[in-house]
Amino acid sequence: QVQLVESGGGLVQPGGSLRLSCAASGFNFRLSSMSWHRQYPGKERELVAGSNSNSQTIYADSVKDRFTISRDDSKNTMYLQMNDLKLEDTAVYYCYAPRFTSWGQGTQVTVSS
């Protein structure tokens, strides 16, 4: 059974940093592309960053040079390092395994002064 569990969200001031984690189980993580998405209230989920099994990455323009996606295949875990956070980064962040169309439960990130 595919399972994705996010953690690391919270409240942070503008300019601050957070690191999200996504612990995966139930599939071969090392061979799987993974991605982070976020969702604003009343909006569709949008891609934030993605990583394939070769650790090639893509980023939304809005987070380039501020966010970094990474993965530790030995721990079946994906990360999203978020620096220089802005008010508009406030959203629920989800981990996604495209091959299995499987989502995590989401973790809230709130950027506020």
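In this predicted model, four strands come together as an open sheet, and reading across it gives the order S1-S3-S8-S7. The pairing in this sheet is antiparallel. As a reminder for readers new to the topic, strands of a sheet pair through backbone hydrogen bonds, either parallel or antiparallel. The edges of the sheet are strand S1 (3–7) and strand S7 (67–72), each of which pairs on one side only. Direction ignored, neighbouring strands of the sheet are turned by 15 degrees against each other on average.

A good place to look at the pairing in detail is the contact of S1 with S3. These two strands run antiparallel and are joined by five bridges. Ser7, for instance, has Ser21 in S3 as its bridge partner.

Strand S3 also takes part in a link of another kind. A disulfide is a covalent bond between the sulfur atoms of two cysteines. The model holds one disulfide, and the cysteines it joins are Cys22 and Cys95, with an S to S distance of 1.9 Å. Cys22 belongs to strand S3 (residues 18–25) and Cys95 to strand S9 (residues 91–97), so the pair links distant parts of the chain, 73 residues apart. The angle about the S-S bond is -65 degrees, and the link of Cys22 and Cys95 is left-handed.

Are the two ends of this link buried or exposed? Cys22 has a relative accessible area of 0% and therefore counts as buried, the cut-off being under 20%. Cys95 is likewise buried, because its relative accessible area is 0%.

How values were computed. Residues are numbered from 1 along each chain as its sequence is written. This is a predicted model: local features need pLDDT of at least 70, side-chain atom pairs count only at pLDDT 80 or more; totals for chains, interfaces and linings use all residues. Side-chain values use heavy atoms; hydrogens and water are left out. A disulfide is a pair of cysteine sulfur atoms within 2.5 Å. Buried means under 20% relative accessible area, exposed over 50%, partly exposed in between (1.4 Å probe, protein chains only). Two strands pair if DSSP finds at least two bridges between them. Axes are lines fitted to C-alpha atoms, for helices over the stretch in contact, and angles run from 0 to 180 degrees between N-to-C directions.
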